[in-house]
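Let's take a friendly walk through a protein model, step by step. Have the picture at hand as you read.

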Amino acid sequence: MLGIKRLGLLAALVLVGVAPAAAAQAAAQPSTQDTQYLQAVHQVNLFEITAGDLAQQKGKDQGVKDLGAMLKTDHTQLDQTVQQTASQLGVELPNEPSADQQAVIDQLNNASGAEFDRLWVTSELAGHVQAIQATQTEISQGSEQSVVQLAQTALPTLQTHYDELVALANKLGIPVPQTSASGTPSPGGTGTESPAPGGTGTESPAPGGGTGTESPAPGGGTTEVPAPSES
């Protein structure tokens with residue numbers, strides 16, 4: 001009987017030790033900023049994969065076709081990390097582009113020739129500006145280290161895409177969005193001066209196509225969006 005009592009006491013002590021650990025794990029949830037960034041950057045990737053396919057299929061200029069292939073490859077690889085990180089943190093991801101992104105995809109599907117190239121480059125420029133801004137916001141305001149690291153890894157790729165898009169736009173004579181006074185979007189900007197695609201809330205704009213008029217989706221207003229500096 002004494003042995004049984006001791007075993008019961010030991011079990012109770014183990015449970016006491018496990019309970020706080022379980023509670024701490026349950027409490028360690030990603031912040032709203034981290035969650036929204038993961039969800040939004042996933043939507044960006046969904047959009048870019050689809051847009052990359054369309055560029056290869058419908059692009060008139062070879063540069064559009066080649067850059068579309070590059071964007072599809074890079075965003076497919078980035079999304080693998082996004083999905084792994086979201087799964088580890090228990091964040092549910094959307095399974096399709098945002099409504100604004102889908103509207104741009106519909107426009108691309110209905111365009112052809114030089115009109116398609118112009119629309120594709122313009123929407124990609126706007127989308128990448130906003131994605132860069134949202135990624136900078138995550139780097140400066142995110143609290144979950146794995147998500148911040150993901151953003152830090154994604155930022156150089158997004159900037160390279162933007163630089164390639166600027167070069168292609170100049171080649172094709174397509175206007176490039178004007179830069180801000182500093183030439184770069186300010187990190188951590190969450191207000192209307194720094195719109196970012198995909199954010200559905202006002203506190204933490206993120207890439208992927210916003211739902212309001214102050215947060216244009218890829219292909220939205222190109223003159224109101226501050227662009228990153230060219231490297």
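## Before we start

Two residues are said to touch, or be in contact, when they have heavy atoms within 4.5 Å of each other. With that in mind, take Leu 71: setting aside residues up to four places away in sequence, Leu 71 touches Glu 48, Trp 120, Glu 124, His 128 and His 161. Keep in mind, too, that this is a predicted model.

## The overall plan

How many helices and strands are there in the chain? There are 6 helices and 0 strands, so the order of elements from the N terminus, where each α stands for a helix, reads α-α-α-α-α-α.

The chain has 231 residues, and 46% of them count as buried. About 11200 Å² of the chain is exposed, with carbon and sulfur atoms supplying 53% of that area. Now look at contacts between residues with a separation of 6 or more: 76% of these are made by residues 24 or more positions apart.

## The nonpolar core

In soluble globular proteins, nonpolar side chains tend to be buried together. Here, the largest nonpolar core holds 39 residues, and Leu 38, Trp 120 and Val 121 touch the most other members. Helices H2 (32-58), H3 (62-89), H4 (99-110), H5 (113-141) and H6 (145-172) each give two or more residues to this core. The largest share, 10 residues, comes from H6.

Which residues does Val 121 touch, not counting those up to four places away in sequence? They are Val 64, Leu 165, Leu 168, Ala 169, Leu 172 and Ile 174.

## Two helices side by side

Next, find H2 and H4. Their axes are 11 Å apart, and the two helices pack at an angle of about 5°. Angles under 35 degrees count as roughly parallel, and H2 and H4 are therefore roughly parallel to each other.

Where they meet, H2 brings Gln 43, Val 44, Phe 47, Thr 50, Leu 54 and Lys 58, while H4 brings Gln 101, Val 104, Ile 105, Leu 108, Asn 109 and Asn 110. By type, the residues of this contact are 6 nonpolar, 5 polar and 1 charged.

## Three residues to find

Let's return to Leu 71, which lies in helix H3. Is Leu 71 buried or exposed? Its relative accessibility is 0%, so Leu 71 counts as buried, the cut-off being under 20%. Glu 124, one of the residues that Leu 71 touches, is 53 residues apart from Leu 71 along the chain, yet their C-alpha atoms are separated by 9.9 Å.

Another contact of Leu 71 is His 161, a residue of helix H6. His 161 is buried as well, because its relative accessible area is 0%. Leaving aside neighbours within four places in sequence, His 161 is in contact with Met 70, Leu 71, Asp 74, His 75 and His 128. His 128 also appears among the contacts of Leu 71.

Finally, look for Leu 150 in helix H6. Leu 150 has a relative accessible area of 5%, so it is buried. Beyond its neighbours within four places in sequence, Leu 150 is in contact with Tyr 37, Leu 38, Leu 78, Thr 81, Val 82 and Thr 85. Leu 38 is also one of the core residues that touch the most other members. As for Thr 135, this residue is 15 residues apart from Leu 150 along the chain, and their C-alpha atoms are separated by 9.1 Å.

Definitions and conventions
Residues are numbered from 1 along each chain as its sequence is written. This is a predicted model: local features need pLDDT of at least 70, side-chain atom pairs count only at pLDDT 80 or more; totals for chains, interfaces and linings use all residues. Side-chain values use heavy atoms; hydrogens and water are left out. A nonpolar core is a set of buried Ala, Val, Leu, Ile, Met, Phe, Trp, Tyr and Cys residues joined through side-chain atoms within 4.5 Å. Buried means under 20% relative accessible area, exposed over 50%, partly exposed in between (1.4 Å probe, protein chains only). Helices (H or I, at least four residues) and strands (E, at least two) are DSSP runs, numbered from the N terminus. Accessible areas come from the Shrake-Rupley method with a 1.4 Å probe; for residues, only the protein chains shown count as cover. Axes are lines fitted to C-alpha atoms, for helices over the stretch in contact, and angles run from 0 to 180 degrees between N-to-C directions. Angles under 35 degrees count as roughly parallel, over 145 as roughly antiparallel, 65 to 115 as roughly perpendicular and the rest as oblique. Ala, Val, Leu, Ile, Met, Phe, Trp, Tyr, Cys and Pro count as nonpolar, Asp, Glu, Lys and Arg as charged, and the others, Gly among them, as polar.
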